[in-house]
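Q: Got a minute to go through this model with me? I'd like the overall picture before the side chains.

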Amino acid sequence: MDPTKEEKPTDNQPATQEGTEPKEGEKELSKAQLKKLQKQKEKEEKKMKEEQEKLAKEKEAMDNDPLRANYGDLPLIQSISQTDRVWTHVKDIDDSHVDKEILIRARLHNSRVKGNLGFLVLRQ
């Protein structure tokens, strides 16, 4: 160490240790200031310990979660194979489709029941 350079105390370290003399230009910390620094240090240690415990609990909960496969990042749905399905647009449905089975890709806008009949309003 270079004797010409003076070491400056950090925020967490007191300017003087017990049993040592303060250097030139440094002020000696009072008992109250030392006590305050000690409380801050204890508070930081307690906070770090609580954070570590919280992370450990979260990790344990994630490891033991039986429904873990139901959420998260899922792979993209890519149509690699093509099927023989023929989709019919709602606007193209007419009397020629009576008693035939057709496929419609649409969203349900509204549904209601009137007596024995049910009505669906589909949107594409």
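Q: So what pattern does the chain follow, read along the sequence?
A: Along the sequence the pattern is α-β-β. That comes from 1 helix and 2 strands, where helices (H or I, at least four residues) and strands (E, at least two) are DSSP runs numbered from the N terminus.

Q: Anything to know about the model before I read on?
A: This is a predicted model, where local features need pLDDT of at least 70 and side-chain atom pairs count only at pLDDT 80 or more, while totals for chains, interfaces and linings use all residues. Residues are numbered from 1 along each chain as its sequence is written, and side-chain values use heavy atoms, with hydrogens and water left out.

Q: How much of the chain counts as buried?
A: Of its 124 residues, 2% count as buried. Buried means under 20% relative accessible area, exposed means over 50%, and partly exposed is in between (1.4 Å probe, protein chains only).

Q: And how much accessible surface does the chain have?
A: About 13,000 Å², with 50% of that belonging to carbon and sulfur atoms. The areas come from the Shrake-Rupley method with a 1.4 Å probe, and for residues only the protein chains shown count as cover.

Q: What share of the contacts is long-range, say 24 or more positions apart?
A: Such pairs make up 9% of the contacts with a separation of 6 or more. A contact here is heavy atoms within 4.5 Å.

Q: OK, Thr88 next. Buried or exposed?
A: Thr88 counts as buried because its relative accessibility is 13%. Thr88 is in the loop between helix 1 and strand 1.

Q: Which residues is Thr88 in contact with?
A: Setting aside neighbours within four places in sequence, Thr88 contacts Ile93, His97, Ile102, Leu103, Ile104 and Gln124.

Q: Where's Asp99, and what is its phi?
A: Asp99 is in the loop between helix 1 (31–63) and strand 1 (107–114). Its phi is positive, about 60 degrees, although Asp99 is not a glycine. Asp99 also counts as exposed, because its relative accessibility is 81%.

Q: What about Arg68, where is that found?
A: Arg68 is in the loop between helix 1 and strand 1. It touches Met62 and Asp63, not counting residues up to four places away. With a relative accessible area of 44%, Arg68 is partly exposed.

Q: Switching to the strands: what does Ser111 touch?
A: Ser111 lies in strand 1 and touches Phe119 and Leu120, leaving out residues up to four places away in sequence. The C-alpha atoms of Ser111 and Leu122 are separated by 8.9 Å, with the two residues 11 apart along the chain.

Q: And Leu120, buried or exposed?
A: Leu120 is exposed, because its relative accessible area is 60%. Leu120 sits in strand 2 (residues 117–123).

Q: Which residues form the nonpolar patch with Leu120?
A: Ile93, Ile104, Leu108 and Leu122 join Leu120 in that surface patch, with about 420 Å² of accessible area together. Patches take residues with over 30% relative accessible area and no salt bridge, joining like charges within 9 Å and nonpolar side chains (Val, Leu, Ile, Met, Phe, Trp, Tyr) within 5 Å. A salt bridge is a side-chain nitrogen of Lys or Arg within 4 Å of a carboxyl oxygen of Asp or Glu.

Q: Last one: which ring does the charged end of Arg105 sit over?
A: The ring of Trp87, 4.0 Å from its centre. Arg112 lies over the face of Phe119, 4.8 Å from the ring centre. The cut-off is NZ of Lys or CZ of Arg within 6 Å of the ring centre and within 35 degrees of the ring normal.
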